[in-house]
Amino acid sequence: MASETVKNDANNVENKVENLWTEHTTENGLKYYFNSQTNASAWQKPEELKTEEEKIRESVPWKEHTTNGGKTYYYNHVTKETTWDCPHELAEALTKISDLKGINLNEKMNENYSTMEEAKQAFKDLLRDCNVPSIATWDIVTKMTNHDPRFNALKQVNEKKKVFNTYKQIRANEEKQLEKIRTKENRERLKIFMENNSLINSYTRYSKAHRMLRTHEIWSAVPDRERRDLLDDIQPILAKRERDLEKEA
């Protein structure tokens, strides 16, 4: 009886803390949160109001995004990595969310496929889920995928190889697109980095910039020719900024 009383008291305290925060909307339609005890307000949803699903999603640095062409990719806001394939950390988080909702992600693993197309699609999904690269040999494919029930969706090896060959072509194109996205992101990051670096000014030569910045990860992530072009591009911007500062002084 005493333990039930303690449990109820704890629940009451938790509910009271949650109730201190309430959600509101500005005239412009923006949501914000208000704490009736401290009179504090916040744009970000307080921890006390977040659902278990929201907490799980925020526990991993990977977020899902979509290109202009409608393709899904994943971005890590900590390491700045980009990938077409769902990262292991995010996959685990989604599994936890599914468990919360009572959804069995492996429900279709052991089912029989009613058509050849369904079986081919299952094997193709397996290749993608295992992040099989376009340059993989068949031996590598087997080692990476034979632990999964979908490996046997197609019974004949030649059928599996046909699906894999089609997948390789698609995968190679995706890898090229992903490399373009990474290159563009790295260029933009380096541009911002140089524009806001006190060591770089409007008359800094490339050789000097290279000596000062070569140990930085973002400097190494961009090819030499593009680094030179970026430095040329930002120096007029830096020159204008320097002139404006002189006028203010």
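Leaving aside its neighbours within four places in sequence, which residues is T204 in contact with? The first legend takes this up, and the others move around the rest of this predicted model.

**View 1. T204 sits in the loop between α6 (157-195) and α7 (206-213).** Beyond its neighbours within four places in sequence, T204 is in contact with L199, A209, M212, L231 and Q235. The side chain of T204 also meets that of N201 in a polar contact of 2.9 Å. Is T204 buried or exposed? With a relative accessible area of 6%, T204 falls under the 20% cut-off, so it counts as buried.

**View 2. Strands β4, β5 and β6 are linked by antiparallel pairing.** Five bridges hold β4 (residues 62-66) alongside β5 (residues 72-76). On its other pairing, β5 shares two bridges with β6 (residues 82-83). A handy residue to centre on here is Y74 of β5: E64 stands opposite Y74, and Y74 in turn stands opposite T83 in β6. While you are here, have a look at the hairpin of β5 and β6, with five residues between the strands. Within this hairpin, K80 takes a positive phi near 70 degrees.

**View 3. The largest nonpolar core brings together 16 residues.** Which residues have the most contacts inside this core? They are F123, L127, V132, V141 and F164. Helices α4 (116-129), α5 (138-145) and α6 each supply at least two residues of the core, and α4 gives the most, with five. F164 makes a good anchor for the close-up: not counting residues up to four places away in sequence, F164 touches L127, V132, A136, W138 and V141. Another core, of 13 residues, lies apart from this one and includes I200, A209, V222 and L230. A209, listed in that second core, is also one of the contacts of T204 from the opening view.

**View 4. Helix α5 has its buried residues on one face.** Which residues of α5 are buried? They are W138, V141 and T145. Looking down the axis of α5, you will find these buried residues within an arc of 55 degrees, so they line one face of the helix. That face packs against α4 and α6. Two names in this view tie back to the core: W138 and V141 are both touched by F164. On the other side of α5, D139 and K143 are exposed.

**View 5. Confidence varies along the chain, from helix α1 to α7.** The mean pLDDT of the chain is 81, and 85% of its residues reach 70 or more. Which elements have the lowest and the highest mean pLDDT? Helix α1 (residues 2-20) has the lowest, at 50, whereas α7 has the highest, at 93. Over residues 1-17 the pLDDT is below 50, and this stretch has one contact in the model beyond near neighbours in sequence. Residues 105-110 also stay under 50 in pLDDT. For residues 105-110 the model has seven contacts beyond four places in sequence.

**View 6. Zooming out, the chain holds nine helices and six strands.** Of its 249 residues, 28% are buried. How much of the contact set with a separation of 6 or more comes from residues 24 or more positions apart? Such pairs account for 49% of those contacts.

Methods
Residues numbered from 1 in each chain as written. Predicted model: local features only at pLDDT ≥ 70, side-chain atom pairs only at ≥ 80, totals over all residues. Heavy atoms only, no water. Helix = DSSP H or I, 4+ residues; strand = E, 2+ residues; numbered from the N terminus. Buried < 20%, exposed > 50% of the residue type's maximum accessible area, 1.4 Å probe, protein only. Polar contact = N/O pair within 3.5 Å; in protein donor to acceptor, adjacent residues only side chain to side chain. Contact = heavy atoms within 4.5 Å. Pairing = 2+ DSSP bridges. Core = buried A, V, L, I, M, F, W, Y, C linked by side-chain atoms within 4.5 Å. pLDDT = per-residue confidence, 0-100. Arc of directions from axis to C-beta.
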